[in-house]
Amino acid sequence: MVQSDYQTAEGILFTDFYQLTMAQLYFKLGWHEKEVQFDYFFRNYPDYGTHQAGYCINAGLEWLLDWMRHIRFEQSDLELLKIHLNKAGRQIFDNNFIDWLGVHGSFDHITLWAIPEGRVVHANTPLAVVRGPFVMTQLLETSLLNHLNYQTLVATKAARIKYAGRNRPLIGFGMRRGQGEGVNAGTRAELIGGADFSSNTGMSYILGYPPVGTHAHSMIQAFIAMGEGELGAFEAYADLYPDDCVLLVDTVNTLESGLPNAIKVFEKLKRYGHEPAGIRLDSGDLAYLSIQAARMLDQAGFPRTSIVLSNQLDELILWQIINQIIIEAPRYQMDPDRIIDRLIFGVGTKLIVSAGAPALDGVYKLSAIKENGQWVPSLKISENTSKTLIPGFKHLFRIYDQRKKAEADVMTLNEEVVFINGQLRIHHSMDMSLSRIIEEKNVLKTESLLSLILENGKMVYQCPPIDQIRHQRDNDLACLDEGVKRIINPHRYHVSLDDGLWDLKNNLVKRYSNR
């Protein structure tokens, strides 16, 4: 594509076509500047088939804000709408509508509340609340979902992999397997969610992290083909990178060729005052090979040399590898914890594409309309109760118990959590028959989760650097019960409504049903 094509594809027309047809209908009805509210939330946690997530890590907000700030309808966009004809050969989009977009077609009048990036977030809670003129809030939907759904999905996968790997260093290796330039967003999400580094060179530099990588089998193959052998390949690589030397040892035979040759090179490096960085295992029984590699490296005098594992890893496979090391290492008189403490994980495909759950079911739903100066809650009723919306403007709070653990996320109509006679009744967000009581004496604190980000198009929020986002992620995960973080069959976290919001939803359901 030429540059102008990129501008069209990634500009204001980065949207589903039906957003434009609906927008024109609102314009024809005179609703185009009516103030409305949309909520962004996801209905279900990622389900990877054999295992499920019990939480998500919020990500993507800064890139959405960057897009919103720099985007509006340009003349070239309007010309494309003008020449779009229907089956009868007439313009689909009326000139008056096109002219209006030319003047008002930007996000300069949007107000946005959102949960900051890096926070642990849960199903059916508002991650973002958008208010503004009907046409432009509607046209925001597709891009908002595109920016937030994918990064949240990948950040969540990264957090789970990091947890399964006992917080050992994690490197994103998936650039070659991701979907086009979407891997740049995926790289950012990996770093937010739990990856320490990435092999994505350009995006790593942009985000302030040094890119990380080793070498491929092709380098060894080339040296073998040229008559230099595996040892010659290792020596040449070590000569060029003596202080960052990680050698891939499974091209020929891991234990009989690769590791012995790597140890020879490491001994030479050590003689010249360099510390060997590590080896990489990319095939075979990674748990068994890790034990044997650690044993051989220890015997050769390299107890601190890292062992990098790669090859189709994810959180479940890491969990299995670590448990296998715990069981098998004592058979070889090896301390399993010492082996685990030298592991580094290079995770590629299954992280960047969130294998098993390749899409987050985030949605953007109308929740209120302003009529005669008053906000009127809007409700969508579905035979599937999980799709019945929670109406109106909702405040969202996290309640922490005396253990400093997050006990529940509660949506309210009030600007604070109200305990009556020392008690708070909360109701299941989807099943209206379920409720329970929280005693105020058992509550350590309540925390408001939604922040005002944009006010009438003006930024009133400073996006934090990724280091700060990662620190927030670590704090939130530390406050999450181990059962909720569990890799398989996690406990269900409580997402609830207080009495006021439950009454509003219940009354609206009855009113709509009677109609």
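**Exercise 1. The second largest cavity**

Which residues line the second largest cavity?

*Solution.* This is a predicted model: local features need pLDDT of at least 70, side-chain atom pairs count only at pLDDT 80 or more, and totals for chains, interfaces and linings use all residues. Numbering runs from 1 along each chain as its sequence is written, and side-chain values use heavy atoms, without hydrogens and water.

Step 1. Fix the term. A cavity is a set of points, on a 1 Å grid over the protein atoms alone, where a 1.4 Å probe fits but cannot get out; lining residues have an atom within 4 Å of a point. Points are joined across faces, edges and corners, and a volume is the space filled by probe spheres set on them.

Step 2. Count. There are 3 cavities of 30 Å³ or more.

Step 3. Take the second largest. Its volume is about 40 Å³. The lining consists of Val120, His122, Arg398, Tyr400, Ala406, Asp476, Cys479, Leu480 and Tyr493.

**Exercise 2. Cysteines**

Determine how many disulfides the structure holds, and examine Cys56 and Cys479.

*Solution.* Step 1. A disulfide is a pair of cysteine sulfur atoms within 2.5 Å. The structure holds 0.

Step 2. Check the distance. The closest cysteine sulfur to that of Cys56 belongs to Cys479, 18 Å away, so the gap is too far for a bond. Cys479 is in no disulfide either; its nearest cysteine sulfur is that of Cys56.

Step 3. Check burial. Buried means under 20% relative accessible area, exposed over 50%, partly exposed in between (1.4 Å probe, protein chains only). Cys56 is buried, at 0%. Cys479 is partly exposed, at 22%.

**Exercise 3. One face of helix 4**

Locate the buried residues of helix 4 and say what covers them.

*Solution.* Step 1. Helices (H or I, at least four residues) and strands (E, at least two) are DSSP runs, numbered from the N terminus. Helix 4 spans residues 75-82, and its buried residues are Asp77, Leu78 and Leu81.

Step 2. Look down the axis. These residues fall within an arc of 95°, so they line one face of the helix. The arc is that of the directions from the helix axis to the C-beta atoms.

Step 3. Find the cover. It includes helix 1 (3-10), helix 2 (17-28) and helix 5 (95-104). Contact here means heavy atoms within 4.5 Å.

**Exercise 4. Two serines in strands**

Compare the settings of Ser435 and Ser496.

*Solution.* Step 1. Ser435 is in strand 17 (residues 435-439). Ser496 is in strand 21 (residues 494-498).

Step 2. Ser435 is partly exposed at 42%. Ser496 is buried at 4%.

Step 3. List contacts, leaving aside neighbours within four places in sequence. Ser435 touches Arg425, Ile426 and His427. Ser496 touches Asp409, Val410, Met411, Ile426, His427 and Ser429.

Step 4. Add the polar contact. The side chains of Ser435 and Arg425 are joined at 3.4 Å. The term means a pair of N or O atoms within 3.5 Å; within protein, one must be able to donate a hydrogen and the other to accept it, and residues adjacent in sequence count only if both atoms are side-chain atoms.

**Exercise 5. Positive phi**

Describe Gln333 and Ser354 by phi, place and burial.

*Solution.* Step 1. Most residues other than glycine have a negative phi. Gln333 has a positive phi, near 55°. For Ser354, phi is positive too, near 50°.

Step 2. Gln333 lies in the loop between helix 14 (315-328) and helix 15 (336-340). Ser354 lies in the loop between helix 16 (349-352) and strand 12 (362-371).

Step 3. Gln333 is exposed at 68%. Ser354 is buried at 0%.

Definitions and conventions: 1 Å grid on protein atoms, 1.4 Å probe; cavity = no way out; pocket = protein on both sides within 12 Å on 5 of 7 lines; lining within 4 Å.
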